[in-house]
Amino acid sequence: MARKKREEEKGIEGGWINTFADLMNLLLCFFVLLFSMSTVDADKYEQIVTSMSERINIFDGGGNSIGEGAFVTVGTQQPVAISQYFNEFATSGSSDSPDENSNQTAEQGTQPIDENTEKKVEEKMAAQQKERNDAVYKEVVEAAKKSNIEDEITINTDKNNQYVQISLNGGILFDSGSEMLKSSAKTLLNKVGDILKMYDDHMIKIEGHTDDVPISGGRYRSNRWLSTARATEVLEYLVDKKKLKPASLEASGLGEYYPVASNATAKGRAQNRRVELKIYTDNKKDTK
């Protein structure tokens with residue numbers, strides 16, 4: 001009997017192992033559950049943060065914390081600064097609910113620039129430019145009358161109100177096929193130079209023009225070369241004799257390609273042989 005009692009006691013001592021194993025299993029399951037609950041889907045988190053960053057500019061300069069990524073929602077079109085949301089919400093009526101304000105803000109964020117406002121700005125700028133151009137035109141006409149040269153020159157303005165133009169007849173300035181100024185033309189050019197001196201801080205373009213009669217012989221191989229030489233001669237005279245600033249002057253030759261009259265008649269060809277001086281009214285130069 002004593003031997004049987006000892007065997008029963010030995011069996012009871014090994015029973016705790018099963019209980020301990022069950023406890024370990026429960027602890028393992030508990031920690032696995034905690035780990036699964038604490039794991040974040042990195043892809044979904046990146047999409048959410050990217051969408052918020054690109055839809056509402058929380059970061060300076062519209063920067064994102066994790067770079068570019070796909071939008072979470074469909075229809076996001078344009079980043080909107082977060083300050084815009086606060087400003088619009090602050091200026092909205094107190095009777096509007098926050099939900100209504102958010103909807104209105106979202107709609108305004110996707111609307112294009114008001115075309116009427118842009119058009120009004122352009123019209124205002126065009127009106128100001130016309131006003132400046134008309135003022136210069138009036139001054140040039142009055143100065144020409146005071147100098148008694150209104151019958152020797154032609155003064156007009158372009159349709160876009162960019163410049164006022166003084167046109168000099170080429171027959172008065174130069175002999176046929178020559179770029180040298182006539183002595184008789186220098187008096188007229190001196191008076192024109194006095195007018196240009198009033199606008200020495202503006203861009204002044206000097207353009208030479210000819211008729212379409214081809215050049216045969218002589219120093220120049222084409223009308224464009226001759227027209228360029230004549231424009232340059234006028235420019236150098238204005239700089240040397242009237243002390244206009246070289247940085248504000250520009251010379252170019254356009255040959256026979258911009259006629260103002262028909263080249264079929266002698267009178268028309270004479271009108272096409274000319275030098276034009278264009279005073280740009282909205283293009284001031286730094287001539288220091």
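**Exercise 1. Work out whether the span of helix α6 agrees with its residue count.**

Start with the count: α6 covers residues 115–146, which makes 32 residues. At 1.5 Å a residue, the helix should span 46 Å. Now take the end C-alpha atoms, which sit 47 Å apart in this predicted model. The two values agree.

Next, look at what is tucked away: Gln129, Asn133, Val136, Val140, Ala143 and Ala144 are the buried residues of α6. Past the end of the helix, Asn148 has a positive phi, near 60 degrees.

**Exercise 2. Do the same for helix α9, then say which of its residues are buried.**

Helix α9 runs over residues 223–242, so to speak a 20-residue stretch. From first C-alpha to last it reaches 28 Å, close to the 28 Å expected at 1.5 Å a residue.

For burial, the list reads Asn223, Leu226, Ser227, Ala229, Arg230, Ala231, Val234, Leu235, Tyr237, Leu238, Val239 and Lys242. Just after the helix comes Lys243, with a positive phi of about 60 degrees.

**Exercise 3. Is Asn223 buried or exposed, and what does its side chain reach?**

First, place the residue: Asn223 belongs to helix α9. Its relative accessible area is 7%, and the cut-off for buried is under 20%, so Asn223 is buried.

Then follow the side chain, which reaches the backbone oxygen of Val213 at 3.1 Å. Leaving out residues up to four places away in sequence, Asn223 touches Thr210, Asp211, Asp212, Val213, Pro214, Ile215, Gly255 and Glu256.

**Exercise 4. Find which elements build the largest nonpolar core.**

Begin with the core itself: it has 33 residues, and those with the most contacts inside it are Val140, Ile153, Ile166, Leu168, Leu196 and Val234. Elements giving two or more residues to it are α6, β3 (153–157), β4 (163–169), α8 (185–197), β5 (202–209), α9 and β7 (274–284).

Now zoom in on Leu196. Not counting residues up to four places away in sequence, Leu196 touches Ile166, Ile204, Leu238, Leu244, Leu277 and Ile279.

**Exercise 5. Explain what the salt bridges Arg219–Glu179 and Asp194–Lys242 tie together.**

The structure holds 8 salt bridges. Take Arg219 with Glu179, whose closest N and O atoms are 2.8 Å apart. Arg219 lies in the loop between β5 and α9, and Glu179 in the loop between α7 (170–173) and α8, so this pair ties together parts 40 residues apart in sequence. As for cover, Arg219 counts as exposed at 67% relative accessibility, while Glu179 counts as buried at 9%.

On to Asp194 and Lys242, where the closest N and O atoms are also 2.8 Å apart. Asp194 is in helix α8 and Lys242 in helix α9, so here the parts tied together are 48 residues apart in sequence. Asp194 is partly exposed, at 43%, and Lys242 counts as buried at 18%.

One more pair to check is Arg274 with Glu276, with closest N and O atoms 2.7 Å apart. Both of these residues are buried.

**Exercise 6. Sum up the whole chain: how many helices and strands are there, and how much is buried?**

Count the elements: 10 helices and 7 strands. Of the 288 residues, 30% count as buried. For the surface, the chain exposes about 19,500 Å², with carbon and sulfur atoms supplying 54% of it. Finally, take the contacts with a separation of 6 or more: residues 24 or more positions apart account for 68% of them.

How values were computed. Residues are numbered from 1 along each chain as its sequence is written. This is a predicted model: local features need pLDDT of at least 70, side-chain atom pairs count only at pLDDT 80 or more; totals for chains, interfaces and linings use all residues. Side-chain values use heavy atoms; hydrogens and water are left out. Helices (H or I, at least four residues) and strands (E, at least two) are DSSP runs, numbered from the N terminus. The expected span of a helix is 1.5 Å times one less than its number of residues. Buried means under 20% relative accessible area, exposed over 50%, partly exposed in between (1.4 Å probe, protein chains only). Contact means heavy atoms within 4.5 Å. Accessible areas come from the Shrake-Rupley method with a 1.4 Å probe; for residues, only the protein chains shown count as cover. A polar contact is a pair of N or O atoms within 3.5 Å; within protein, one must be able to donate a hydrogen and the other to accept it, and residues adjacent in sequence count only if both atoms are side-chain atoms. A nonpolar core is a set of buried Ala, Val, Leu, Ile, Met, Phe, Trp, Tyr and Cys residues joined through side-chain atoms within 4.5 Å. A salt bridge is a side-chain nitrogen of Lys or Arg within 4 Å of a carboxyl oxygen of Asp or Glu.
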